[in-house]
Amino acid sequence: MIYLKKPEWSWQPAERVTHVHHWVKQEGEADVILFGAPLSRSSISASAASDYPEAFRKMWKGFATYNLDERVDLRGVSVRDAGDVMMHTTNIKESHRRIEDTAESLANGKLTCMIGGDHSTTACAVRGFKKAFPYERIGILQLDTHLDVRDPKELGPANGTPIRQLIDGEAVRGEDVVNIGLHGYFNAKELVDYADEKGIRMVTMREARKAGITETIQHAIESLGDVDRIYATIDMDVLDISVAPGVPASTPGGMKSEELFEALLEIGKSEKVKHIDFVCLDPQKDDHVSATVKTGVYAWLQFMTGVAMRS
């Protein structure tokens with residue numbers, strides 16, 4: 001079953017397509033299906049990440065469809081906004097089930113993009129895609145400051161648990177998870193031990209910078225060569241706190257915005273990447289010029305540029 005509410009924003013005639021809010025359509029077939037998962041009640045810390053899908057759409061008006069750096073026009077890729085999954089007012093598990101069911105129902109699209117929401121939504125979406133493709137092996141490419149392998153038996157299905165949920169639930173294998181962006185003092189030793197035990201491949205921010213961001217992403221995708229499809233999950237707390245005031249869990253030592261943009265361009269180029277999400281951005285904590293929301297939209301457009309460049 002699908003639980004989607006169409007977005008409430010104006011649509012423009014096709015002949016006026018020059019900016020993102022003109023380009024994304026509401027109906028019909030498309031290369032990319034976009035949907036929102038406006039849930040943050042499952043966040044460990046206070047968060048209004050549930051507001052991000054709406055803020056994401058409102059920010060579109062400030063961006064053209066043409067990428068000057070790459071000389072790529074995004075109008076060559078068709079995108080349909082399917083709307084937001086309707087969340088239950090009080091029941092988190094029911095909201096999670098709705099995200100899972102919706103992801104399964106949208107899985108026949110060529111490529112899906114989910115705008116969260118906190119990171120608990122990732123586990124739901126991956127389980128939905130696993131139901132749609134039960135005989136396929138799904139790999140996870142995660143950009144994150146945290147491992148997100150805290151025990152759901154202690155916290156419930158919260159935003160710190162999605163990767164552990166997927167591994168313990170056998171939706172993905174530990175060795176099919178690559179996490180890039182880890183650093184510093186933000187993962188307890190017990191969580192690192194769990195990651196080591198399950199075979200999660202951890203690439204620290206320092207290692208990624210030393211090797212080069214593009215090269216790190218390329219190597220990560222190559223290392224997932226045995227999987228059938230890759231789900232990329234972008235926790236916006238991978239960004240350094242100096243450039244991400246609207247991310248509740250952002251930290252010192254994280255990615256610069258241009259490093260994230262470089263990574264997403266490369267992720268978008270890979271034919272094996274069939275799904276992506278952007279999670280954990282709280283517009284209510286953003287600064288007066290909405291710097292983090294703008295960064296989030298730019299990040300998505302970089303991914304879309306990579307998609308447009310697929311040969």
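This briefing describes the fold, the central sheet, one helix, two loops and the cysteines of a protein chain. The structure is a predicted model. The protein chain has 311 residues and a radius of gyration of 18 Å, which agrees with the value near 19 Å expected for a compact globule. The protein chain contains 11 helices and 11 strands, and an open sheet is built from 9 strands.

**Overall form**

- Taken along the principal axes, the C-alpha atoms of the protein chain fill a box of roughly 55 × 45 × 45 Å.
- Buried residues account for 58% of the 311 residues in the protein chain.
- The accessible surface of the protein chain comes to about 13,200 Å², and carbon and sulfur atoms contribute 49% of that surface.
- When contacts between residues at least 6 apart in sequence are considered, 78% of them join residues at least 24 apart.

**The open sheet and its edges**

- The 9 strands of the open sheet follow the order S1-S5-S2-S6-S11-S10-S7-S8-S9, and their pairing is mixed.
- Strand S1 (4-5) and strand S9 stand at the edges of the sheet, where each has a single partner strand, so one side of each lacks a neighbour in the sheet.
- S1 is joined to S5 by 2 bridges, and these two strands run antiparallel.
- Within this pairing, leucine 4 stands opposite valine 85 in S5.

**Strand S2, inside the sheet**

- Strand S2 (residues 32-37) has 6 of its 6 residues buried, so the strand is largely enclosed by the rest of the structure.
- Both faces of S2 are covered: one side carries the buried residues Val32, Leu34 and Gly36, and the other side carries Ile33, Phe35 and Ala37, which are also buried.
- Strand S5 (residues 79-85) pairs with S2 in the parallel sense over 4 bridges.
- S2 is also joined to strand S6 (residues 111-116) by 6 bridges, and this pair runs parallel.
- Glycine 36 illustrates both pairings: its bridge partner in S5 is aspartate 84, while in S6 it stands opposite isoleucine 115.

**Helix H7, with a buried and an exposed side**

- Helix H7 (residues 189-198) has buried residues at Leu191, Tyr194 and Ala195.
- These buried residues cover an arc of only 100 degrees around the axis, which puts them on the same side of H7.
- On the other side of H7, the residues Lys189, Glu190 and Glu197 are exposed.
- The cover over the buried residues of H7 includes helix H6 (162-168) and strand S9 (201-204).
- Glycine 199 follows H7 and has a positive phi, near 85 degrees.

**Two loop residues**

- Glycine 156 is found in the loop between helix H5 (152-155) and H6.
- With a relative accessible area of 21%, glycine 156 is partly exposed.
- Glycine 156 and serine 42 are 114 residues apart along the chain, and their C-alpha atoms are separated by 8.4 Å.
- Glutamate 271 is found in the loop between helix H10 (257-269) and strand S11 (273-279).
- Glutamate 271 is partly exposed, with a relative accessible area of 43%.
- From C-alpha to C-alpha, glutamate 271 and isoleucine 230 are 9.1 Å apart in space, and in sequence they are 41 residues apart.
- Leaving aside neighbours within four places in sequence, glutamate 271 is in contact with Arg310 and Ser311.

**Cysteines without a disulfide**

- A disulfide is a covalent bond between the sulfur atoms of two cysteines.
- A pair of cysteine sulfur atoms is counted as a disulfide if the two atoms lie within 2.5 Å.
- By this rule the count is 0 disulfides.
- The sulfur of cysteine 113 has its closest cysteine sulfur in cysteine 280, at 14 Å, which is too far for a bond.
- Cysteine 280 is likewise in no disulfide, and the nearest cysteine sulfur, that of cysteine 124, is 12 Å away.
- Cysteine 113 is buried, with a relative accessible area of 0%.
- Cysteine 280 is buried as well, with a relative accessible area of 10%.

Key
Residues are numbered from 1 along each chain as its sequence is written. This is a predicted model: local features need pLDDT of at least 70, side-chain atom pairs count only at pLDDT 80 or more; totals for chains, interfaces and linings use all residues. Side-chain values use heavy atoms; hydrogens and water are left out. Buried means under 20% relative accessible area, exposed over 50%, partly exposed in between (1.4 Å probe, protein chains only). Two strands pair if DSSP finds at least two bridges between them. The arc is that of the directions from the helix axis to the C-beta atoms. Contact means heavy atoms within 4.5 Å. The radius of gyration is taken over C-alpha atoms; the globule rule is 2.2 Å times the number of residues to the power 0.38. Accessible areas come from the Shrake-Rupley method with a 1.4 Å probe; for residues, only the protein chains shown count as cover.
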